[in-house]
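User: Could you teach me how to read a few features of a protein model, step by step?
Analyst: Gladly! Let's look at the model together first.

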Amino acid sequence: MDISRRSFLKATVTTTGSLLVYAHIGAHANPKGRDANPMPIIEMAPNGDITFISPRSDMGQGSLTSLAQIVLDEMNADWDKLVATKEATASSADVYGDDLVTVGAISMFEGWRTYRKAGASMREGFKLAASGLWQVDVNRLTTDKSKVIDPENGKIFHYHELINSLTGLYLPNDPEYKTKEQSNLIGKPFPQLFPNKRVTGEAIYGMDIHFPGLKVAMVERCPTFGGTLKSFNSEDAMKIKGVLSVVEIYNGVAVIAEGFWAAKKGRDALIIEWDHGELKDTSSASLKQMLKRNLDEPPVDKNPEPGEAKTVLQQEGGKKLTGEFDFPLVAHVTMEPMNTTAWVTDDKCEIWSPTQSMIIAQEEVAKLLNRQTKDITFHRTLCGGGFGRRAQEDFVLEAVDASRKSGYPVKLIWTREDDMRHDYYRSCSTMKIEAKMDDDGKLLAWDADLSFINTNPYHFIPENRGTRRGNGIGLAGIDPAYNIPNRYLEFGMLDLPITVGILRGISHGYTNFSIEVMIERLAKIANRDPLELRAELLVENRRAHTVITELQKLNSENPVTEGMSRGFAFAYEGRPVIDYQYYSAHMADVRKLDDGQIKVHKIWVVADHGRIINPHGFKKQINGSIYFALSMMRSGEITVKNGQIEQGNFDDYPVSLIGEGPEKIHIKLLDNGAHPMGCGEKMQAGIQPAIANAIEKLTDEEVNGIPIKNLA
């Protein structure tokens with residue numbers, strides 16, 4: 001057992017007698033290569049009560065619960081002693097790792113490494129402390145429900161009785177982990193922690209922040225993409241009762257008032273002249289034309305290996321098929337619009353924000369204020385939904401700039417219309433695929449070309465902006481998992497000042513949609529069973545093949561009922577250098593209603609995301625993903641006119657309600673013990689094409705993108 005001073009874990013006792021345990025969180029996966037200092041993750045009170053401190057943003061996905069399960073399981077702690085959770089606070093960027101950015105459903109992926117180790121180290125630390133007090137060999141001691149036990153004499157120490165003995169010990173750096181069979185919390189279904197606090201209002205979201213003297217700020221931003229401020233007149237705004245100040249900030253004009261309505265009335269009274277920029281005449285139709293023209297331009301990048309797809313496609317014989325798919329801009333519409341509270345003075349900056357990227361936002365604030373990050377205290381609150389939107393830092397910077405310029409502590413509030421018209425949208429895109437089956441029904445060649453708005457200027461990590469890595473948001477998923485003998489991939493990007501970014505499922509939502517619809521069509525022209533074709537193309541990928549064969553079983557056990565139509569899809573994401581891999585297979589039944597609308601009747605999901613931490617939370621994520629996917633398919637279309645967003649609220653951009661979901665959802669989780677993955681965004685890639693494929697069979701009409709106007 002390595003108990004060197006360079007321990008992964010350290011423990012201290014606070015002035016109140018509580019134990020505060022720190023761990024290095026995610027330094028191994030730090031995207032900037034920066035080694036982080038340890039951060040607090042567990043606080044144990046003198047009576048043994050435990051508070052879990054989460055570095056990850058909880059947006060309703062349940063990361064607080066699942067991460068606590070990992071730590072307390074390996075600690076062998078008493079779950080009933082978990083009495084509270086806290087959101088992490090950053091007084092310095094060096095306290096935490098950069099991977100505290102909560103995106104990509106990576107909380108479980110990263111947490112499995114770090115929180116499991118932290119919990120196991122604590123467990124062994126308690127045993128070391130007890131062995132020292134009892135003067136016995138540590139290897140004969142066991143633990144159970146926050147107790148260290150000496151089986152030979154029946155002696156017991158409760159963990160909290162060892163608090164003072166634990167500090168100063170060199171905690172184990174390479175603890176043994178519990179086996180799957182020994183786990184009593186990991187893998188068990190748990191509801192989200194402390195749900196009543198969300199119901200009663202005790203839980204603290206960004207909008208809940210309030211303290212004496214706090215003012216409200218609202219910002220008027222240029223309505224046109226890429227536009228800039230020319231001039232403004234605040235005379236009428238300042239006449240509004242309650243308006244205190246009007247200041248120009250880095251991206252618009254901020255009105256500071258005693259309350260929300262005064263701020264809004266003041267903002268409405270502003271007289272502003274904008275320079276509407278190069279996109280002032282742009283529309284959704286012209287964007288679509290640009291994307292299609294871009295398919296004919298030389299690619300930014302291409303993948304000519306393996307094989308010679310274009311040559312094979314031009315040869316005689318076989319059956320050739322071409323598909324072209326179009327996708328509009330899509331908005332996040334989080335339930336809680338963007339907001340941040342900031343208080344900037346000459347000697348301090350304190351921020352409260354529902355953000356997915358506390359550290360990055362803190363660093364960008366430091367740049368804005370020309371201060372050190374250690375001088376900026378950042379409190380993260382619970383988030384009322386995120387879906388990737390809160391990974392951007394714009395709403396934090398607005399609050400900070402408004403406070404700095406006005407001199408007031410301000411709570412910046414976005415209206416729903418602000419939120420919808422100044423989003424970081426999922427890029428609109430066009431994807432063209434040409435493919436060929438041979439005479440025996442084998443997939444012979446695949447040529448895919450993707451066109452989208454360049455995402456790298458808006459990447460959520462500033463270091464990736466303007467870099468090749470920043471393109472990944474727009475083109476991820478372009479390369480299918482299928483074993484195709486000849487494939488060719490290329491993409492092109494439009495450099496436009498349209499803010500685009502990550503949205504639940506990122507680009508897999510359109511790349512995998514196009515791929516899976518094409519696979520189903522290819523199976524049809526080759527007179528092949530679509531699942532059999534997929535299984536054949538995935539036979540060399542064990543996990544991928546398994547989810548397909550499991551879906552084949554479900555398909556055969558649940559025959560399509562009369563009047564229904566069934567579609568299938570496969571989805572995956574894998575990075576070969578790490579354990580970041582997930583696989584899922586999807587099946588959807590749809591039927592036509594009397595009024596011609598199409599209703600999604602049933603959805604089946606088979607998922608292999610590695611070891612499951614919390615099956616209850618995992619299934620909730622899938623259910624949420626299905627509703628998110630349906631919303632996007634029904635009405636997920638942000639349109640542009642004169643360079644401005646046309647939609648503003650739920651009346652013209654509705655989301656699916658509970659009663660509008662499928663009548664039945666079947667979920668089968670395959671826990672093969674592989675490295676755990678999250679689930680929050682991963683289902684979008686498979687749910688939508690499965691529904692689209694079912695609709696194509698039902699209507700015999702092609703579905704070449706979203707939204708689908710007659711989807712009930």
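Analyst: We start with surface patches. A patch is made of residues with over 30% relative accessible area and no salt bridge, and like charges are joined within 9 Å. Keep in mind throughout that this is a predicted model.

User: Which residues form the negative surface patch here?
Analyst: Glu417, Glu646, Asp651 and Asp652 form it. Take Glu646 as the worked case: its relative accessible area is 40%, so it counts as partly exposed. Along the chain, Glu646 sits in the loop that links strand S28 (644-645) to strand S29 (664-669).

User: Now strands, please. Is strand S4 enclosed or not?
Analyst: The cut-off to know is that buried means under 20% relative accessible area. In S4, residues 50-54, five of the five residues are buried, so the strand is largely enclosed by the rest of the structure.

User: How do I read the two faces of a strand?
Analyst: In a regular strand the side chains alternate between the two faces of the sheet. For S4, one side carries Ile50, Phe52 and Ser54, the other carries Thr51 and Ile53, and all of these are buried.

User: Which strands pair with S4, and in what sense?
Analyst: Strand S3 (residues 39-44) pairs with S4 in the antiparallel sense, over three bridges. Strand S5 (residues 82-87) pairs with S4 in the parallel sense, over five bridges. Phe52 is a handy residue to follow: it is the bridge partner of Ile42, and in S5 its own bridge partner is Thr85. S3 and S4 also form a hairpin with five residues between them, where Gly48 in the turn has a positive phi of about 95°.

User: Where can I practise the reading again?
Analyst: Try strand S26 (residues 598-608). Eleven of its eleven residues are buried, so S26 is largely enclosed by the rest of the structure. Strand S25 (residues 581-592) pairs with S26 in the antiparallel sense over ten bridges, with Arg591 bridged to Lys599. The hairpin of S25 and S26 has five residues between the strands, and Gly596 in its turn has a positive phi of about 90°. S26 also pairs with S29 in the parallel sense, over six bridges, and there Ile603 stands opposite Ile665.

User: One last residue: is Asn370 buried or exposed?
Analyst: Exposed, because its relative accessibility is 71% and the cut-off for exposed is over 50%. Asn370 lies in the loop between helix H9 (358-369) and strand S19 (376-380).

Conventions. Residues are numbered from 1 along each chain as its sequence is written. This is a predicted model: local features need pLDDT of at least 70, side-chain atom pairs count only at pLDDT 80 or more; totals for chains, interfaces and linings use all residues. Side-chain values use heavy atoms; hydrogens and water are left out. Patches are made of residues with over 30% relative accessible area and no salt bridge: like charges are joined within 9 Å, nonpolar side chains (Val, Leu, Ile, Met, Phe, Trp, Tyr) within 5 Å. Accessible areas come from the Shrake-Rupley method with a 1.4 Å probe; for residues, only the protein chains shown count as cover. A salt bridge is a side-chain nitrogen of Lys or Arg within 4 Å of a carboxyl oxygen of Asp or Glu. Lys and Arg count as positive and Asp and Glu as negative; His and the chain ends are not counted. The place of a charge is taken as NZ of Lys, CZ of Arg, CG of Asp or CD of Glu. Helices (H or I, at least four residues) and strands (E, at least two) are DSSP runs, numbered from the N terminus. Buried means under 20% relative accessible area, exposed over 50%, partly exposed in between (1.4 Å probe, protein chains only). Two strands pair if DSSP finds at least two bridges between them.
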